[in-house]
Amino acid sequence: MEKSKLNKSHLTSLLLGLGFLGLLGLGYWLGPRLAPARDLTLPVPACDLNQGPCRVALPGGGHLVAEISPWPIPVLKPLSVKVSLEGYEASAVLLDFSGVEMDMGFNQVSLEAGPRGQFSGRGNLPVCVTGRMRWQASFILQGPGGRLAVPFHFDSGS
């Protein structure tokens, strides 16, 4: 009987250890998929997306024009997102919303490609219990040289 308890205890420990290693492996595999990698991140420009479209020069030439409407950008309401790329080729554009001072979880919008460097989509911002919130909207461009993140800061809420 004592030997049976000992074997059961070792088997339980082994299974718990394998389960823990499996969770670590899953976290390692999911990590890059939940937080998109960026090869280059531009500095945050002074332009405020709450005032209208913002235009930013891209490395190597070209420009990005980003627009999130309505203005000012509300929480819990549908947002229209538009990106125009001038002189820059991107195969995909992703918008990643993140809180500047507070983690607000996973909030991304894949923009659909349109004609002549146009991308668009719809999304929304979650509400923050503190009311007013500082956000970062990072437009992540998948270009020929890798990923390029173009961040903007704006405030939302009351």
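**Exercise 1. Find which helix holds Leu18, and which surface patch it belongs to.**

*Solution.* Leu18 sits in helix H1, which spans residues 2–34. Bear in mind as you go that this is a predicted model. Next, look at the surface: Leu18 joins Leu11, Leu14 and Leu15 in a nonpolar patch. Together these four residues have about 400 Å² of accessible area.

**Exercise 2. Take stock of the whole protein: how many helices and strands are there, and in what order do the elements run?**

*Solution.* Start with the count: the protein has one helix and nine strands. Then read from the N terminus, where the order is α-β-β-β-β-β-β-β-β-β. Now add the overall numbers. The protein has 158 residues, and 35% of them count as buried. About 9,700 Å² is exposed, with carbon and sulfur atoms supplying 60% of that area. Finally, turn to the contacts with a separation of 6 or more: 58% of them come from residues 24 or more positions apart.

**Exercise 3. Work out the strand order of the sheet, and explain why one side of S1 and of S2 is left without a neighbour.**

*Solution.* First, lay out the order: the nine strands form an open sheet, S1-S9-S8-S5-S6-S7-S4-S3-S2, with mixed pairing. Strands S1 (40–41) and S2 (54–57) stand at the edges with a single partner strand each, so one side of each has no neighbour in the sheet. As a reminder, strands of a sheet pair through backbone hydrogen bonds, in either a parallel or an antiparallel sense.

**Exercise 4. Walk from S2 through S3 and S4 to S7: how many bridges join each pair?**

*Solution.* Step one: S2 pairs with S3 (residues 63–69) in the antiparallel sense, over four bridges. Here Val56 stands opposite Leu64 of S3. Step two: S3 and S4 are also antiparallel, with seven bridges between them. For a landmark, use Glu67, whose bridge partner in S4 is Lys82. Step three: six bridges connect S4 to S7 (residues 118–123), again antiparallel. In this pairing Val83 stands opposite Phe119 of S7.

While you are at S4 (residues 79–86), check its cover: six of its eight residues are buried.

**Exercise 5. Decide whether S5 is mostly covered or mostly open, and identify the bridge partners of Val93 and Leu94.**

*Solution.* Begin with burial, where the cut-off is under 20% relative accessible area. In S5 (residues 92–99), six of the eight residues are buried, making this strand mostly covered. Now take the pairing with S8: the two strands run antiparallel and are joined by eight bridges. Val93 has Leu141 in S8 as its bridge partner. Then take S6 (residues 108–113), which is antiparallel to S5 and joined to it by four bridges. The bridge partner of Leu94 in S6 is Ser110.

**Exercise 6. Describe the surroundings of Gln136: which side chains share a polar contact with the side chain of Gln136?**

*Solution.* Place the residue first: Gln136 lies in S8, which covers residues 133–143. Then list the side-chain polar contacts. One, of 3.0 Å, joins Gln136 to Ser138, and another, of 2.8 Å, joins Gln136 to His153. Last, widen the view to contacts beyond four places in sequence. Gln136 then touches Val44, Asp96, Phe97, Ser98, Val100, Pro151, Phe152 and His153. Nicely, His153 appears in this contact list as well as in a polar contact with Gln136.

Note on methods. Residues are numbered from 1 along each chain as its sequence is written. This is a predicted model: local features need pLDDT of at least 70, side-chain atom pairs count only at pLDDT 80 or more; totals for chains, interfaces and linings use all residues. Side-chain values use heavy atoms; hydrogens and water are left out. Patches are made of residues with over 30% relative accessible area and no salt bridge: like charges are joined within 9 Å, nonpolar side chains (Val, Leu, Ile, Met, Phe, Trp, Tyr) within 5 Å. Accessible areas come from the Shrake-Rupley method with a 1.4 Å probe; for residues, only the protein chains shown count as cover. A salt bridge is a side-chain nitrogen of Lys or Arg within 4 Å of a carboxyl oxygen of Asp or Glu. Two strands pair if DSSP finds at least two bridges between them. A polar contact is a pair of N or O atoms within 3.5 Å; within protein, one must be able to donate a hydrogen and the other to accept it, and residues adjacent in sequence count only if both atoms are side-chain atoms. Contact means heavy atoms within 4.5 Å. Buried means under 20% relative accessible area, exposed over 50%, partly exposed in between (1.4 Å probe, protein chains only).
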